[in-house]
Amino acid sequence: MERVGKWLGRPRELYNLLWFKMGGGAAVMPPLDQDALSDRLKICYRYLNQTSRSFAAVIQALDGELRHAVCILYLVLRALDTVEDDMTISLETKVPMLHDFHSYLYQPDWRYMESKEKYKQVLEDFPTYCHYVVGLVGIGLSRLFSVLELEDPIIGRDTELANSMGVFIEKTIIIRDYLEDQLAGREFWPREVWSRYAKKLSDLAKPENIDVAVQCMNELITNALHHIPHVLTYLSRLKTQSVFNFCAIPQVMAIATLAACYNNKQVFRGVVKIRKGQAVTLMMDATNIQAVKSIMYQYVEEIYRKIPSADPSSNKTQRIIVSIQTLCLPSGTVVSHNHYSPIYLSCTVLLAALSWQYLSAMSEALEEDVQANGN
Ligand code: IN0
């Protein structure tokens, strides 16, 4: 019953999820012709689908040569990340292992089996880490797009924008995974921020510190939002549809995740993830710059509505949101958060109620259909 209630409030997500599961995603992400692949490439795509189902579909939809290059780059980076995140490997072993990693790629039998006790890993230099872990991915990918002439040379040359694309995703993951990383012995939140809220980063997980913990996270989210203008400029320069989808989807997932985390105590108690139906809807929608701007607008609006007046970063958060919304609207439109005309408000409520009734009826009909078909 709870599950039915969950869907009734979100009929479009239910509709998109069913459509996607029934193969509708092929319109945005055409599937790969498996028979045309060599055996080695088949293995690569099998591993890719095992690491990330939805993102694998986006990679498989890339054009020609770019598809295999990105597939292999993604697998290599995920493998590196697995070593980096493994807290059973000491730093003395891990650092040389990461340096030599490129040579293991040519040794099919290479394995690491010596898992020992848990070690702790604290990230001390966030900008350098970001440059190597994320920035180089964005810069490398952007050069690939340009060299293959799928995008203009400026995409490969403008390293600052390419860097922001990756840093926005990475900062979002680091914010969302606070608890998981704490439990695993990893510390990624920047000291210069958390030290103004607590003595130790682990203190933020203590129930008695929940209010300052949320304030600290709200500051980090406000900081991450500052990358959005660069992200929008980068995406607005893209010309190839499959490259656009590949680049835009992780960005809209990131803003949806930040909106779910903002001012949410649950980040310090469990897992906060976007719903499957929400993710599928974002994948279906984020296919052009205007749609991405409208998604960004809606999620920053959701954050704006949640800003507590007593939050220490509230003014900064409001300012960056207004400037993002200005970028997302057609030029000449003014963003206002204060004046709602009562007549517009009534019309909106009436329209929302009517749409809700219509969509609920449609989702019920759909669900009956699915049950009748035994899926
Ligand atoms: C990525 C990025 C990514 C995609 C497109 C353009 C980019 C431009 C600059 C930098 C990174 C870019 O996207 C993925 C998204 C991803 O992996 N999503 C997973 C999430 C998950 O939980 O596993 C999903 O299932 O949807 C990304 O996060 N990274 C990444 C890695 C390699 C490549 Cl080639 C592209 C990781 C990171 C750390 C942000 C670089």
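Okay, let's start with what I mean by a cavity: on a 1 Å grid over the protein atoms alone, it's a set of points where a 1.4 Å probe fits but cannot get out, and a lining residue has an atom within 4 Å of a point. Grid points are joined across faces, edges and corners, and the volume is the space filled by probe spheres set on the points.

Quick housekeeping. This is a predicted model, so local features need pLDDT of at least 70 and side-chain atom pairs count only at pLDDT 80 or more, while totals for chains, interfaces and linings use all residues. Residues are numbered from 1 along each chain as its sequence is written, and side-chain values use heavy atoms, with hydrogens and water left out.

Cavities, then. By that rule there are three of 30 Å³ or more. The largest holds about 40 Å³, and its lining is Val122, Leu123, Glu124, Glu187, Trp189, Arg191, Trp194 and Leu201. The second largest also comes to about 40 Å³. Around that second one sit Ile174, Tyr178, Asp181, Gln182, Arg186, Glu187, Phe188, Trp189 and Leu201. Helix 11 (178-184) gives the most to this lining, three residues; helices here are DSSP runs of H or I with at least four residues, strands are E runs of at least two, and both are numbered from the N terminus.

Now the ligand. Which residues are closest to it? Ser52, Tyr74, Arg78, Gly138 and Glu170, out of 16 that surround the ligand, where near means a heavy atom within 4 Å. For polar contacts, I'm taking pairs of N or O atoms within 3.5 Å; within protein, one must be able to donate a hydrogen and the other to accept it, and residues adjacent in sequence count only if both atoms are side-chain atoms. A polar side-chain atom of Tyr74 comes to 2.5 Å from a ligand oxygen, Ser52 does the equivalent at 2.6 Å, and Arg78 at 3.0 Å. The ligand alone exposes 770 Å², and the protein buries 81% of that; areas are Shrake-Rupley with a 1.4 Å probe, and for residues only the protein chains shown count as cover.

By class, the ligand shell has eleven nonpolar, three polar and two charged residues. Here Ala, Val, Leu, Ile, Met, Phe, Trp, Tyr, Cys and Pro are nonpolar, Asp, Glu, Lys and Arg are charged, and the others, Gly among them, are polar.

Why does the ligand lie between domain 1 (25-109) and domain 2 (120-336)? Because both give residues to its shell, with bounds from an automatic or database domain assignment.

Last, the second largest pocket, at about 1,100 Å³. A pocket is an open set of points with protein on both sides within 12 Å along at least five of seven lines. It has 24 lining residues, and closest to its centre are Tyr47, Leu75, Ala79, Tyr104 and Leu105. That lining splits into 17 nonpolar, four polar and three charged.
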